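Trainee: Could you take one part of this model and go through it closely, residue by residue, with the cut-offs behind each term? I would like a connected account.

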Amino acid sequence: MTPVPSIEHLRADLINILDRQQLTAFFQPIAAMNEARAYGHEGLIRGPSNSFLHSPINLFRTAEETGLLPELDFACRRAIIRAFVTENLPGKLFLNINPVCLTLPNYRPGATLELLQEAGLPPQRVVIELTETQPIANYDLLREAVRHYREMGFRIALDDLGEGFSSLRLWSEIRPDFVKIDKYFIQGLPGDAQKRQFVRSIQHIAVNTGTRVIAEGIESAQELDVVRSIGIGLGQGYFLGRPQKKPELNTSYICTPAATPQRTGTVIASSLLVHVPTVSPKDSNLHVCELFATHGDLNALPVVQHGRAIGLLKRHQFIEHFARPYSRELHGQRPCTMLMDPAPLQVEHNLSLQELSLLVSSGEHRYLADGFILVDQGMYLGMGTGRDLMRAITELQITAARYANPLSGLPGNVPIQNHIQQLLDKGQDFVAVYADLDHFKPYNDLYGYAKGDDILQMTGQILKKAVEPGTDFVGHIGGDDFVLLLRSEEWRERCEAILAEFASSILPHLQEDHIKDGGYHALNRSGERVWHALPALSLGAVEIRSSALSSHHEVASQASAAKTMAKRQQGCSLFIERRSHTGHPLSGSTGYLPVDTPGTEYTALQAH
């Protein structure tokens, strides 16, 4: 291991790097995900490649320890601005500045503007991104510095929300135009309900304060899907684009129509959109009274300024207020803002109804009565009512009950067929796995239907737990038949893990003497006492090339044939049928072949 240089040596190296301007700028795209374009780029910095100070962590830590943070901060800005202009990158430049530097006595707010003027970049294209690495000592000085930046045309972003020393207070103090949610809360988001609740809460606060949220650390399509379903329109992460000198935005996924909530079958908030009259902050209370009188079915009026909703006026409050003696004479000509609710519920139009219902049910009761405001990236679109939301949620629940298996809760035949057809229509290759319980009927007859239902529910839970949320699909055809549609790369390992877990999980559902004997005697359908093996799980898998097939019926036929082959073996087993691009078996693919041979594969697991 290379020893860490002394602090004196590091200080000398840093001074040399600053004097020779040896910093290199990298840029990572920030995607406007609903538009499949780069909204902007965050400027990042690296030291010389052959130096201990190449890493930004080492670079900035050394600057803090040696008292050179302001000098490094300015040098980074200079290098990033020059490179951004040289590369002619689109969108806004997100420029990191340590907020501690803004509060130092020798800090010059005009220095950044001079760099921009020298490079020919207008400040309106620059977002000052405050990255908190130390506690803020003087919020008054920070607010003053931020005010100067805004007056010059800059916009302000708060980085790593949820990680810093006082990020929520910083949000309240400086009222940024953007907040970036720390990647900790984004990574693993699809499978973590607490993280989703945190991100939903941040988006809710942001919409109601006129702030735009940027989700950092997006590293998978599943994380991107969840971020977008919550209503966040800006994202950043390796899945969208890595830091490079000449960055490229990955639009192959976010520009796909199927990636939008409406195309995936998710009903979104815009389906509840109702266009209602609006008023401005300058409109009088008398004007509002006239509107309520004209529109008898109107429960609330949005107050809109510069395209953004700043409040909500409620019919029952107005009627009650102006029913009082002399209220019309005293308050009729005053601005309507005196009686508005300044914090109504505002939600992004592409928020799913499920997410919206959680916001409404976990919030104040008035949201159901007064309704909510629908926005697009914070810009006013229209209203939605609690009544329409409840009706839509009820319809979704009825539909879900109709389309889901009542025992396991997994999707039934219709959604299974629809999902297969969607994969085929989108040209996505996948693996279809038919899962079937062997010797289930004798067990059901001997142990009873309640015990049989327990095994079916257990199997459904094993299958559901084994797949990748957002990528794979599990359905319950009926009885003891299940289907998996797998797009995750390690699908075979998942199948083998399913068999192993089933083999161990079935044991508590069996009598000890039956486990010891490996089976039991029971009556068959003819009333004869015959020997039956213990329940086992068979998986028949087929690799589907979407270019070769056009119907879910063809997929079902091939998966069913693979399941039949798997059931020929004793115990829990996996049979894999590999198909060519024409959909026909590969040459020489009949029978059970070694694992590394193209064609069919067979894996047996002795369950008992």
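**Around His41**

Mentor: The side chain of His41 reaches the backbone oxygen of Pro90 at 3.2 Å, which is a polar contact (N or O atoms within 3.5 Å; within protein, one must be able to donate a hydrogen and the other to accept it, and residues adjacent in sequence count only if both atoms are side-chain atoms). This is a predicted model, in which local features need pLDDT of at least 70 and side-chain atom pairs count only at pLDDT 80 or more, while totals for chains, interfaces and linings use all residues. Residues are numbered from 1 along each chain as its sequence is written, and side-chain values use heavy atoms, with hydrogens and water left out.

His41 belongs to strand β2, residues 37-46; strands (E, at least two residues) and helices (H or I, at least four) are DSSP runs numbered from the N terminus. His41 counts as buried because its relative accessible area is 3%, where buried means under 20%, exposed over 50% and partly exposed in between, with a 1.4 Å probe and protein chains only. Beyond four places in sequence, the residues in contact with His41 (heavy atoms within 4.5 Å) include Phe27, Gln28, Pro29 and Ile30, along with Phe84, Leu89, Pro90 and Phe94.

One of those partners, Gln28, sits in strand β1, residues 24-32, and is buried as well, since its relative accessibility is 8%. Although Gln28 and Glu42 are separated by 14 residues in sequence, their C-alpha atoms lie 5.3 Å apart. Not counting residues up to four places away, Gln28 touches both His41 and Glu42, and its other contacts include Gly40, Leu44, Tyr238 and Gln236; with the side chain of Gln236, the side chain of Gln28 makes a polar contact at 3.1 Å.

Glu42 and Gln236 lead on to Glu216, for both are among the residues in contact with Glu216 once its neighbours within four places are left aside, as are Asp159, Asp160, Asp182 and Lys180. Glu216 lies in the loop that joins β7 (212-215) to α9 (221-230) and, because its relative accessibility is 10%, counts as buried. Its side chain and that of Lys180 form a polar contact at 3.5 Å.

Returning to strand β2 (residues 37-46), we come to the aromatic rings. Tyr39, Phe94 and Phe178 are linked into a cluster by ring pairs, and Phe94 is also in contact with His41. Rings of Phe, Tyr and Trp (its six-membered ring) pair if their centres lie within 6.5 Å, with planes under 30 degrees apart counted as stacked, over 60 as edge-to-face and the rest as tilted. The charged end of Arg212 sits over the ring of Tyr39, 5.1 Å from its centre, which requires CZ of Arg (or NZ of Lys) within 6 Å of the ring centre and within 35 degrees of the ring normal. By the ring-pair rule the count comes to ten aromatic pairs. Tyr184 and Phe185 form an edge-to-face pair, at 5.0 Å centre to centre and 85° between the planes, and Phe185 is buried because its relative accessible area is 13%.

Phe84, another contact of His41, is one of the buried residues of α3, among them also Leu72, Cys76, Ile80 and Ile81. The 19 residues of this helix (residues 69-87) should span 27 Å at 1.5 Å a residue, and the end C-alpha atoms are 27 Å apart, so the two agree; the expected span is 1.5 Å times one less than the number of residues. Asn88, just after α3, takes a positive phi of about 55° although it is not a glycine. Most residues other than glycine have a negative phi. Asn88 lies in the loop between α3 and β3 (92-97) and is exposed, because its relative accessible area is 63%.

For the setting of this part, the protein has 21 helices and 21 strands, and buried residues make up 51% of its 608 residues. Of the contacts with a separation of 6 or more, 67% come from residues 24 or more positions apart.
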